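Here is a set of exercises to work through with the model open beside you. Try each task yourself before you read its solution.

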Protein chains: 2
Amino acid sequence: MTTSDPAARPAPRNRLLAALPPEDLARLWPLLEPVEFAARQILHAPEEPIRAVHFPESGYVSRLAPMEDGDSAEIGLVGPEGLVGLAILLGADRDGFELLVQSPGTALRMEAGAFRDALDRIPSLRPILNRYALAHFEQVARTGACNGRHHVDQRLARWLLMAHDRVEGDSFPMTHEFLSMMLGVRRAGITVAAGTLQKAGLIRYERGRMEITDRPGLEAVSCECYGTARRAYDRLLGPPGAARKPFWR
Amino acid sequence: MTTSDPAARPAPRNRLLAALPPEDLARLWPLLEPVEFAARQILHAPEEPIRAVHFPESGYVSRLAPMEDGDSAEIGLVGPEGLVGLAILLGADRDGFELLVQSPGTALRMEAGAFRDALDRIPSLRPILNRYALAHFEQVARTGACNGRHHVDQRLARWLLMAHDRVEGDSFPMTHEFLSMMLGVRRAGITVAAGTLQKAGLIRYERGRMEITDRPGLEAVSCECYGTARRAYDRLLGPPGAARKPFWR
DNA sequence: CGCCGTCTGTTCGCTACCGCACTTCCGGTC
DNA sequence: GACCGGAAGTGCGGTAGCGAACAGACGGCG
């Protein structure tokens with residue numbers, strides 16, 4: 001009943017689900033189970049079978065490449081604009097990365113088997129997800145080009161913008177320690193770079209909380225990689241609805 | 001006649017085409033046009049519609065991310081194991097990268113429209129190409145993680161191994177200048193790093209020609225990123241046929 | 001209240017790599 | 001044989017970011 005009656009269903013906050021024709025979304029809905037993400041939760045580990053895919057509705061998730069020396073390099077971000085579990089879409093049962101919840105939130109979860117069936121049964125599903133896969137690929141490729149070519153300040157600005165795109169509001173939990181792991185630099189390096197951004201009036205932070213106070217300014221000091229990747233999403237998934245600001249709607 | 005008679009057709013040297021069932025390959029064959037790659041030829045430019053896809057049979061192609069400062073960062077390599085034109089597979093008509101021939105060779109070319117039709121008509125095609133897309137994604141993501149975390153020596157070794165995988169024989173044209181662009185470092189930095197590798201007896205070079213003299217040794221000094229990406233290809237595309245060495249068969 | 005763990009600020013010496021420039025060497029070409 | 005252009009070797013000063021360490025500040029908790 002409720003599951004097949006579109007009126008009983010709130011509009012999905014996930015950008016991919018929202019892009020589906022209502023009737024196809026209605027067919028998918030019964031297979032989606034709302035779940036909570038906890039911070040630091042591992043959605044899937046490198047080289048291990050992926051049990052389920054997730055459509056985030058709030059919060060965001062990092063794609064991490066495990067390195068020999070034990071720590072991990074972040075090479076991509078997934079939030080309410082995306083899908084966690086692209087390997088399944090592309091016909092594999094695993095991939096080489098860790099997908100780790102960075103900012104807690106909620107998601108719609110779907111068993112891998114059900115997802116595979118749905119891809120065959122619901123023809124509108126694969127095209128939109130394929131285009132998301134390409135957009136995410138562009139993001140990851142850009143991140144890679146950005147690493148090593150651009151300075152810490154620029155990359156920090158870029159990372160903050162990407163995170164800002166994926167959360168609600170201008171203020172969110174964030175430590176220097178965490179940022180240093182994300183960017184693969186020393187914690188002290190973040191302290192310096194963040195200090196510069198703060199002195200310039202672009203951000204404000206204190207003890208585990210970061211606030212974006214001048215987004216256009218931040219975009220100006222960030223490298224071009226931010227804009228390039230963001231435009232890729234908009235080009236491939238369509239502009240994020242009407243005049244609304246959030247990235248994922 | 002010849003186009004539909006499998007016996008009249010040589011086995012394809014492209015790993016993806018070789019993985020197709022013979023009858024499906026026979027259906028695809030008439031649409032494939034053998035072409036020559038010239039060095040420095042641009043197969044498609046960033047943000048411009050992709051006219052045709054290419055299945056390389058020899059030589060290799062770089063995926064380059066254009067940077068604001070004018071030069072480009074290499075973030076992936078495609079050779080006879082792959083396909084140039086993944087954006088079409090994923091439902092777009094363009095992407096944000098330049099695909100540039102680095103080592104001349106030959107390829108089988110297919111018009112974008114014909115390729116889209118074939119994806120619908122020949123059911124075995126999409127699955128194998130999707131898995132390739134994932135493997136290439138893993139390569140690109142690894143390259144990104146590798147940039148900035150690993151030293152020039154290691155990255156140089158890695159790049160030489162990747163190139164070696166995609167050419168025939170142990171000796172191929174290669175200049176320090178070129179390598180410096182690929183790795184995003186100074187030309188002088190390559191001279192030093194290559195000198196180290198040569199002194200260690202792993203490679204030999206002179207005036208535009210590079211020879212791999214100790215492949216296992218090179219693998220040992222390279223970072224883990226080489227092995228990780230290579231295993232991803234083998235896992236997703238099946239081991240490269242029997243006891244034969246080349247990467248793409 | 002005092003304690004402790006987390007977060008941030010800052011310093012020190014060090015290394016890898018940069019930007020730039022100059023030289024040498026080699027292979028062709030006229 | 002003289003010349004030229006591309007390729008490789010080398011040196012110089014400069015700097016971004018490293019690794020390690022220490023100190024202050026805040027906040028939660030017993």
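## Exercise 1: The end of a helix

Helix α5(B) is followed by B:G148, a residue with a positive phi near 90°. The model is a predicted one, so take every value below as computed from it.

**Task.** How many residues does α5 of chain B have, and how far does the helix reach from its first C-alpha to its last?

**Solution.**
Step 1. The helix runs over residues 125-146 of chain B and has 22 residues.
Step 2. At 1.5 Å a residue, the expected reach is 32 Å.
Step 3. From first to last C-alpha, the helix reaches 32 Å, close to that expectation.
Step 4. Now look at the surroundings: 20 of the 22 residues of α5(B) are buried, so this helix is largely enclosed by the rest of the structure.

## Exercise 2: Where the two chains meet

**Task.** Which element gives the most residues to the side of chain B that touches chain A?

**Solution.**
Step 1. Start with the whole contact, which takes 33 residues from chain B and 33 residues from chain A.
Step 2. List the elements of chain B that give two or more residues to this side: β5 (72-78), α5 and α10 (225-237).
Step 3. Of these, α5(B) gives the most, with 13 residues.
Step 4. Sorted by class, this side of chain B has 17 nonpolar, nine polar and seven charged residues.

## Exercise 3: The relation between the copies

**Task.** What rotation and what shift superpose chain B on chain A?

**Solution.**
Step 1. In general, two copies of a chain are related by a rotation about an axis and a shift along it.
Step 2. Here the rotation is 180° and the shift along the axis is 0.0 Å, with an RMSD of 0.0 Å.
Step 3. This is the relation of a two-fold axis.
Step 4. To place the axis, find B:G144: of the residues of chain B, its C-alpha comes closest to the axis, at 1.6 Å.
Step 5. Next, compare the two sides of the contact: 100% of the interface residues of chain B are also interface residues in chain A, so the copies meet through the same surface.

## Exercise 4: Two DNA strands

**Task.** Which elements each supply at least two residues of the surface near DNA strand C, and which do so for DNA strand D?

**Solution.**
Step 1. Take DNA strand C, which is surrounded by 18 residues; the closest are A:T175, A:H176, A:A188, B:V185 and B:G189.
Step 2. The elements here are α7 (176-183) and α8 (187-199) of chain A, together with α8 (187-199) of chain B. The largest share, five residues, comes from α8(A).
Step 3. By class, the surface near strand C has six nonpolar, seven polar and five charged residues.
Step 4. Turn to DNA strand D, which 17 residues surround, the closest being A:V185, A:G189, B:T175, B:H176 and B:A188.
Step 5. For strand D the elements are α8 of chain A and α7 (176-183) and α8 of chain B. The most comes from α8(B), with four residues.
Step 6. By class, the surface near strand D has six nonpolar, seven polar and four charged residues.

## Exercise 5: A hairpin and its turn

**Task.** In what sense do β9(B) and β10(B) pair, and over how many bridges?

**Solution.**
Step 1. The two strands pair in the antiparallel sense over four bridges. In β10(B), B:R209 is the bridge partner of B:E206.
Step 2. In a regular strand, side chains alternate between the two faces of the sheet.
Step 3. Check this in β9(B), residues 203-206: B:I203 and B:Y205 make up its covered face, while B:R204 and B:E206 make up the uncovered one.
Step 4. The strands form a hairpin with two residues between them, and B:R207 in the turn has a positive phi of about 40°.

## Exercise 6: An unusual backbone angle

**Task.** Is B:R40 buried or exposed?

**Solution.**
Step 1. Most residues other than glycine have a negative phi.
Step 2. B:R40 is not a glycine, yet its phi is positive, about 75°.
Step 3. Its place is the loop between β1 (33-37) and β2 (42-44) of chain B.
Step 4. B:R40 has 9 C-beta neighbours inside 10 Å, so it counts as exposed.

Note on methods. Residues numbered from 1 in each chain as written. Chains lettered and ligands numbered in written order. Predicted model: local features only at pLDDT ≥ 70, side-chain atom pairs only at ≥ 80, totals over all residues. Buried ≥ 20, exposed ≤ 12 C-beta atoms within 10 Å, placed from the backbone. Pairing = 2+ DSSP bridges. Near = placed C-beta within 6 Å. Nonpolar A, V, L, I, M, F, W, Y, C, P; charged D, E, K, R; others polar. Least-squares fit on C-alpha atoms with pLDDT ≥ 70 in both. Contact = placed C-beta atoms within 7 Å. Expected span 1.5 Å × (residues − 1).
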